[in-house]
Amino acid sequence: MRPGTIVVAVGGNAVAPPGERPTIANQFRHTRESLAPIVDLAREGWAIALVHGNGPQVGDELARNELAADQVEPLPLGVLVAATAGWMGYMIQQSLQNALARVGVERQVVTLVTQTLCDANDPNLRIPTKPIGHALDATRVARLLARGVPVREEQPGRWRRLAPSPKPIAVVERDMIHHLVAAGHIVVACGGGGPPVYHDPVLGFEGIDAVADKDRVAAILGREIGADVLLILTNVDAVYHGFGTKHQRAIRHLDLPSADHLLAGKELGTGSMRPKVEAAADFVRAGGGPSRRAIIAELAQGLPALRGEAGTTITLERA
């Protein structure tokens with residue numbers, strides 16, 4: 001009997017960490033290293049959908065576009081999101097197939113390029129807020145600003161490009177993902193949050209040049225396929241009170257009211273942990289009973305976090 005259905009979200013930084021050249025060889029190496037928790041889940045019999053980020057990669061794709069713009073026709077951001085979903089899915093799919101074969105787990109892995117439905121009138125499309133690409137040097141910052149491209153200083157001296165990030169509403173291909181996951185296949189989907197689209201009453205689905213937040217999309221996918229667990233793997237081992245101070249303290253469990261209280265305050269700021277906690281709370285809030293849970297944990301701690309031994313677990317009620 002399978003333990004249940006799980007949606008796992010892994011960040012693009014796990015594949016292309018800061019401070020290292022993002023060559024394909026390096027990204028394949030990090031992909032192989034990052035899949036150990038997925039292999040553990042597959043061995044235990046979980047039904048798995050895997051969502052990955054693409055922040056560093058899609059920013060690099062934009063830079064390639066711009067460097068070659070006088071030679072070949074550039075591609076818009078939405079198409080580049082789809083492109084990263086394809087080639088990153090290929091890396092993950094091949095690496096996971098090989099890893100499963102080495103440990104004797106017979107599971108098929110498939111990558112779907114899926115679309116994320118958004119509202120064409122979402123106000124977030126007018127205010128770019130999502131950092132993409134790698135850190136920029138001063139020359140690159142000046143060139144982007146001169147062209148009117150928004151950038152933000154994340155940390156002192158660390159600047160990154162910004163892209164619009166509309167609120168995701170649904171995953172267009174959710175039924176196909178559900179069918180494949182229920183059949184026992186491991187599905188890589190919603191890569192980079194999935195290329196955002198809106199529905200035009202005449203034309204049907206049309207693309208949006210933006211990047212959806214992959215954790216929020218993973219939460220929506222989890223709701224739509226009836227997942228029992230949302231596991232968000234990141235580079236921090238838990239959600240913290242007082243993170244970055246000498247008084248920081250890991251939060252091992254949050255019920256939904258406590259998570260909402262944390263989000264209503266200023267403690268999480270506007271950093272990358274806030275959308276993860278928001279996504280986790282939304283997943284739990286969407287129903288599924290008291291057994292539904294969301295977990296935020298360090299990449300290497302996936303299985304211990306599922307057992308309640310690591311990370312931060314969010315549930316409907318206090319355990």
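Is Thr 84 buried or exposed in this predicted model, and what is the relative accessibility of Thr 84? The legends below take up this residue after a view of the whole protein.

**Figure 1. The whole protein, a predicted model with 10 helices and 17 strands.** The radius of gyration is 19 Å, close to the 20 Å that the globule rule gives for 319 residues, so the protein is as compact as a globular protein of that length. Taken along the principal axes, the box filled by the C-alpha atoms is roughly 55 × 45 × 45 Å. Of the 319 residues, 51% are buried, and among contacts with a separation of 6 or more, 73% join residues that stand 24 or more positions apart. The protein exposes about 14900 Å², of which carbon and sulfur atoms supply 53%. There are 33 positive and 33 negative side chains, and the centres of these two sets lie 4 Å apart.

**Figure 2. Close-up of Thr 84 in helix H4, which covers residues 77-102.** Thr 84 has a relative accessibility of 0%, and because buried means under 20%, Thr 84 counts as buried. The side chain of Thr 84 makes a polar contact with the side chain of Asn 54, at 2.9 Å. Once neighbours within four places in sequence are left aside, the residues in contact with Thr 84 are His 52, Asn 54, Gln 57, Val 58, Glu 61 and Gly 89, so that Asn 54 appears both as a polar partner and in this list of contacts.

**Figure 3. Close-up of Arg 160 in strand E7, which covers residues 158-163.** Arg 160 counts as buried, with a relative accessibility of 7%. The side chain of Arg 160 makes a polar contact with the side chain of Glu 154, at 3.4 Å. Leaving aside neighbours within four places in sequence, Arg 160 is in contact with Gly 55, Pro 56, Pro 131, Ile 132, Gly 133, His 134, Ala 135, Leu 136, Val 151 and Arg 152, as well as with Glu 154.

**Figure 4. Close-up of helix H1, residues 24-34, and the helices that cover its buried residues.** The buried residues of helix H1 are Asn 26, Gln 27, Phe 28, His 30, Thr 31 and Ser 34. What covers these residues includes helix H2 (36-44), helix H3 (55-67) and helix H4, the last of which also holds Thr 84, the residue shown in Figure 2.

Notes: Residues are numbered from 1 along each chain as its sequence is written. This is a predicted model: local features need pLDDT of at least 70, side-chain atom pairs count only at pLDDT 80 or more; totals for chains, interfaces and linings use all residues. Side-chain values use heavy atoms; hydrogens and water are left out. Helices (H or I, at least four residues) and strands (E, at least two) are DSSP runs, numbered from the N terminus. The radius of gyration is taken over C-alpha atoms; the globule rule is 2.2 Å times the number of residues to the power 0.38. Buried means under 20% relative accessible area, exposed over 50%, partly exposed in between (1.4 Å probe, protein chains only). Contact means heavy atoms within 4.5 Å. Accessible areas come from the Shrake-Rupley method with a 1.4 Å probe; for residues, only the protein chains shown count as cover. Lys and Arg count as positive and Asp and Glu as negative; His and the chain ends are not counted. The place of a charge is taken as NZ of Lys, CZ of Arg, CG of Asp or CD of Glu. A polar contact is a pair of N or O atoms within 3.5 Å; within protein, one must be able to donate a hydrogen and the other to accept it, and residues adjacent in sequence count only if both atoms are side-chain atoms.
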